[in-house]
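Thanks for making the time this morning. I would like to walk through how a few parts of one chain pack against each other, and I will put the structure up before saying anything about it.

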Amino acid sequence: MLMLVDCSNCHTPLQLPAGAQVIRCGLCNAVTRIAGTSSSSSRSLLPPHPQSPSSSSPHAPPGTPPSAHGRKRAVLCAVSYKGTRRELKGCINDAKCMKYLLVNKFKFPESSIVMLTEEEADPFRRPTKQNMRMALFWLVQGCQAGDSLVFHYSGHGSQQRNYTGDEVDGYDETLCPTDYETQGMIVDDEINATIVRPLPAGVKLHAVVDACHSGTVLDLPFLCRMDRNGRYIWEDHRPRSGVWKGTSGGEAISFSGCDDDQTSADTSALSKITSTGAMTYAFIQAIERGHATTYGNMLNAMRSTIRNTDGGAGGGIVTTLISMLLTGGSLGRLRQEPQLTANQQYDVYTKPFSL
């Protein structure tokens, strides 16, 4: 089990090494003194990770090859803000359909998928700020070469002024947990420090973030700026301050619902039957329709789906599942463009897409 203790200054959950008495926060550099691992401020987090054979394990039989696909795990967060004026209708549908896709298409074990939704009876499985932070720490804990990690978020996103000079546009992108009005938002700097920077060589992380202002919400160094004809260039978003926003040798790729200055729709215009996040629907449909060959084809297909919201819905088993959940209305053409960011530049039309 992963043991965490809250930073004494910023209250970020910190991984507690066995027997440690002092720990320094990587975000605010505050030092927290620990009375012992039995302290009431430390706690176990979520299910233990499934184990897979690894050539680096001292307990593996001689000559045992690593698992072909490594371990697969995912965190799916759906924040609907039920009962508030900011309520969203499609977020829980998004999470359910992403889980179905991961389990049935990409063979993620159900036991390795953590869902945080407002439907959960367990208070530790609701998408509060603390629970979301803990789930993100769990996602990358102990990851090793061959692992495939997925973070999906459907909910509100926002921006706040950046005063460190790390942002090209002068704003940090944020995610809004259920209690953001009292506990604050989760800022892109923290997301990057938690699930991007620790990634070791051979580990791949995909984030699918269906929220407003989400273009660079993982603070990855490069953004694929693509026009409507599919031509693209990589924009350099590395901070002028020189702060490292990349990984520790692993690979991080993010599909987001829109650019940093755009909003992302919660709509029934795509499924024609029920509310979903436009970007999540487009992501799933691109895979079902066979466009998930390369990252460039994926991005083009997602944008085409959103641009042509008044076209036929079509789709496969998951988008059909969406249409079975509940009924709703329809909106007109949407004004958002999904974005692709990464920790390194590559040819998006030759790099195969895989989860």
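I will go from a pair of helices to the nonpolar core and then to the aromatic rings.

Please keep in mind throughout that this is a predicted model. Let me begin with helix H2, residues 129-140, and helix H4, residues 188-196, which pack with their axes 8 Å apart and at an angle of about 30°. Since angles under 35 degrees count as roughly parallel, that makes H2 roughly parallel to H4. On the H2 side the contact is made by Arg133, Leu136, Phe137 and Val140, while H4 contributes Glu190, Thr194 and Ile195; sorted by class, that gives four nonpolar, one polar and two charged residues.

Turning to the core, the largest nonpolar one holds 77 residues, and those touching the most other members are Phe151, Tyr153, Leu218, Phe283 and Leu340. Helix H1, residues 91-104, supplies the largest share of this core, with eight residues. If we look at Leu218 in particular, and leave aside residues up to four places away in sequence, its contacts include Ile191, Ile195 and Val196, as well as Ser254.

Finally, the aromatic rings, where the count comes to 10 pairs. In one of them, the rings of Tyr81 and Tyr180 have centres 6.2 Å apart and planes at 90°, so this pair is edge-to-face. Tyr81 sits in the loop between strand S6 and H1, whereas Tyr180 belongs to helix H3, 99 residues apart, and the pair therefore links distant parts of the chain. Both tyrosines, Tyr81 and Tyr180, are buried. Elsewhere, ring pairs join Phe106, Trp234, Phe255, Phe283, Tyr295, Tyr346 and Phe353 into a cluster.

Methods. Residues numbered from 1 in each chain as written. Predicted model: local features only at pLDDT ≥ 70, side-chain atom pairs only at ≥ 80, totals over all residues. Heavy atoms only, no water. Axes fitted to C-alpha atoms, helices over the stretch in contact; angles between N-to-C directions. Helix = DSSP H or I, 4+ residues; strand = E, 2+ residues; numbered from the N terminus. Parallel < 35°, antiparallel > 145°, perpendicular 65-115°, else oblique. Contact = heavy atoms within 4.5 Å. Nonpolar A, V, L, I, M, F, W, Y, C, P; charged D, E, K, R; others polar. Core = buried A, V, L, I, M, F, W, Y, C linked by side-chain atoms within 4.5 Å. Buried < 20%, exposed > 50% of the residue type's maximum accessible area, 1.4 Å probe, protein only. Phe/Tyr/Trp six-rings, centres within 6.5 Å; stacked < 30°, edge-to-face > 60°.
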